[in-house]
Every structure is written in structure tokens, then in C-alpha cells.
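Student: Please take a close look at one part of this protein with me, the salt bridges. I would like to know where the partners sit and how they relate to the rest of the chain.

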Amino acid sequence: MEIVEDIVIVGAGIAGLTTSVGLHRLGIRSLVLESSDRLRITGFALSTWNNAWKALDAIGIGESLRHQHHLTPSILFASTNLDQPVSEISYKGHEVRCLQRRLLLETLANELPSDTIRFSSKVVSIEESGFFKRVHLSDGTILKTKVLIGCDGVNSVVAKWLGFKAPVFTGRLAIRGYTKFNDGHGLGPKFRQFVGKGLRFGFLPCNDEDFHWFLTWTPSTKDEELEDDPVKLKQFVMSKLEDIPNEMKSVVEKTQLDAILSSPLKYRRPWELLWGNISKGNVCVAGDALHPMTPELGQGGCAALEDGVVLARCIAEALLKPGGEETNGKIVDEEEEYRRIEIGLKIFAQKRRWRSIDLISTAYMVGYIQQNNGTIINFLRDNFLSKFLPRMLLRKGDFDCRKLKY
């Protein structure tokens, strides 16, 4: 069975749903393919900075999410090698919140027409078909589309089709957890981060009841068996908390086993984006399919939101006439429309290439510095870089993707 669609987006994650909502706001329909049978809520929460909230406002859902998440006033940055906190950096003038991934995805999905997301739809191959792409699904369905957008994560089928290599393992792992305090956690709204001895801990409250935490580290061979066992994961984290305040230990202690997960930290080598095809003809990638990065800047999800707004705008400019009338085969011939789509996606690639390279490179270097256990790096980090790094997080988050319509 072959189905014709104007725009197919592979992946119902942050980038895919943001792009679809943006297009919907501009009067353009898209079909979102999700390989799972439901929205995949992994990671529990994400840091969101000015750039994320500008993107959320651009697609009209910022206010509803603000009401459910506290504003973070500051970051407390401490070293486990020292007795006292190194620094506390104010976020005054910046909008920083810890956003629950489930609420974000559900809010995005609820903004779309009910037939927009097609679940249990795994892409197995892509082929050329004149000015269209034919997308083959595992159930035998074939979709013929004018525009194909890959938002299918670090193991992207679309990125592979464009010629990108698989993201590279950094040699580090992350354990993430989510704790629900029904009577309130009473720990205030500050973001707390602890680094030292090759470890990086973070504790981020979303609101009065919901708390997100993480640990990143470089594993030994014996740590490999931890990945799929939440009991061992929790025991491992607790064993590393000896230099962390007791109130933060209690957050981990109260975390349910089904709210703990582990994952390898991967990234795309920046030079691949310098020379690679972010877009090719009527195909492009966005989100983690474009710029998988390590979590030190807290910009992975934020950049995906930026991508969605910019991409929706670029596609709309290609498909809509100045008066707002959508072009199709009856109004503009297929070759002309293909050319306009190709130009629109090239503009998107141009706008996102250097931003992606910057975030990937900076995140990797910050991770190296924060988790390095060498004497010289420890001294420089604890005595000089501790004030610089939090401010750099704010600068990287001070990006404006602009509105859907200029």
C-alpha cells in the first residue's frame, strides 16, 4: 500500500513534534512517524534556558509549561575535592527551568490534529522516486512524500541515508533519575552541581514535588553490567555520594527503581557537520539526528526546539506563496516545487550548521574538564574555571530562533 503525504517527519521526539506543531501553526499538515506504540518518555527531565523558552513561545505553548515548572534562580557549583562551595552564580535576567520531558512531549502532541502521529511505524529504508522520496515501513506500508525530515534520534535512519556515520561513544555513561515528593521536597529551586574525582552530579528541582538528578562518569569494565539493572544502578550511585550533602543523598534514596535509567554518552564529531549533508534535495535531519551531544551544557533538548522552529519556518517559506496559498502539483509543477523545497532545506542547514558545531564542541570540552581527575585540571577547574563555566552555560543559552513568521 502506498500513501502520499506532503511532509513526513520521522520521530515523535522533541525536534519532530516541535517541527510538526510549527508547521501546523503555519497551516501546513505533516505526518509524524513514531516507531514505538506511544510517546517515548526517556530522560525524565531537561534543562531549559532562554533559547528553549523563546522557541516554546514561538509555537504557542510556553505559558502553559511555565505554570508547571519553577524558575531556577541560581546554580550552586561545588567541588567534591573542597570543603566549601566554589561559587553560586545567579540566573537573574535569564529564564532557566528544569522541564519534565513527559509534559513537554504531551503538550506538543496535544497541539496537533489527532491523525498527525502514526505510532508503531518503523522506517526500514528510503528510496528516490523522481521529485519524491519513498519511505518503507516495517509493516509493508510505503509513504511517498515531498519532504522527508529525520528527527529519529542518535540512531537515525535518515542521517545514515544522508551519509552521516553513527555517533561516537565518549567513553562516559550517565545515570538519570526522577524522584516524586508527594508532600514536597522542601529543597528550594536552586540547581546544584558537584564535580570531582572523575564524577559529575546534578540535582535539579522541576517544581515543589518533582526532582531530577543525574550522574556522569567514566566506567570501568566491571561497571558495564550496571546498565540494565536499576537495583545495581541505584546502589552504584549511592556508593558515590559520600562527598555530597545528606539532603541530596535523600533525593536518590527516595527514587523508585522504575525511575532510574542509564545510557552511554554519544556525540557527533563536529567536522562531520562541517563537511556532511545536513540536507540533500528534499531530505534533512534535525534534533539528535543532526547534533547528538553530551549533556554538560544542557542544550540537547533546547537545540532541538530551536531546530523545530527554524525548520518549520524554512519549509513554510518554500511551500507557501507570499499571500499564504499553499502550492501543490496543480499550481506549481513538481520540479519547481522540489527546487523551492531544496533551497528551503539548504537555508535550514546553513542556519543550524555552526550553531550545532559550537554546542557539540563546547559540551564535549566542558565534560572533559569537569570529569577529569588530573591534578592540574582539578586545580584550574576548582580555582578558576568554576566561575567561568556556569556563565558560559548562560551565554550558550542566549540564542533567539526568532518567531515562526518574521
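Tutor: Start with a pair of neighbours: Asp 37 and Arg 38 form a salt bridge through their side chains, with 3.1 Å from N to O. This is a predicted model, and each distance here is computed from it. Asp 37 has a relative accessible area of 47% and is partly exposed, because exposed requires over 50%. Arg 38 reaches 54%, so this residue does count as exposed.

That pair is one of several, as the count comes to 27 salt bridges. Another links Glu 2 to Arg 134, where the closest N and O atoms are 2.9 Å apart. Glu 2 belongs to strand 1 (residues 2–10) and Arg 134 to strand 9 (residues 132–137), so this salt bridge ties together parts that lie 132 residues apart in sequence. Glu 2 itself is partly exposed, at 41% relative accessibility.

Now turn to Arg 66 and Asp 57, whose side chains meet in a salt bridge of 2.8 Å, N to O. Arg 66 is buried, because its relative accessible area of 15% falls under the 20% limit. Asp 57, at 39%, is partly exposed. This pair does not stand alone: salt bridges with shared partners join Asp 57, Glu 63, Arg 66, Glu 95 and Arg 97 into one network.

Glu 95 is a member of that network worth following further. Glu 95 sits in the loop between strand 5 (87–90) and strand 6 (97–100). Although in a loop, Glu 95 is buried, with a relative accessible area of 16%. The side chain of Glu 95 makes a polar contact of 3.1 Å with the side chain of Arg 97. If neighbours within four places in sequence are set aside, Glu 95 is in contact with Thr 48, Trp 49, Asn 50, Trp 53, Arg 66 and Leu 71.

For the setting of these pairs, consider the whole chain. The protein has eleven helices and 17 strands. Its radius of gyration is 22 Å, close to the 22 Å that the globule rule gives for 406 residues, so the protein is as compact as a globular protein of that length. Of the 406 residues, 58% count as buried, and both Arg 66 and Glu 95 are buried. Among contacts between residues at least 6 apart in sequence, 75% join residues at least 24 apart. The link from Glu 2 to Arg 134 likewise spans 132 residues of sequence.

Terms used:
Residues are numbered from 1 along each chain as its sequence is written. This is a predicted model: local features need pLDDT of at least 70, side-chain atom pairs count only at pLDDT 80 or more; totals for chains, interfaces and linings use all residues. Side-chain values use heavy atoms; hydrogens and water are left out. Helices (H or I, at least four residues) and strands (E, at least two) are DSSP runs, numbered from the N terminus. Buried means under 20% relative accessible area, exposed over 50%, partly exposed in between (1.4 Å probe, protein chains only). A polar contact is a pair of N or O atoms within 3.5 Å; within protein, one must be able to donate a hydrogen and the other to accept it, and residues adjacent in sequence count only if both atoms are side-chain atoms. Contact means heavy atoms within 4.5 Å. A salt bridge is a side-chain nitrogen of Lys or Arg within 4 Å of a carboxyl oxygen of Asp or Glu. The radius of gyration is taken over C-alpha atoms; the globule rule is 2.2 Å times the number of residues to the power 0.38.
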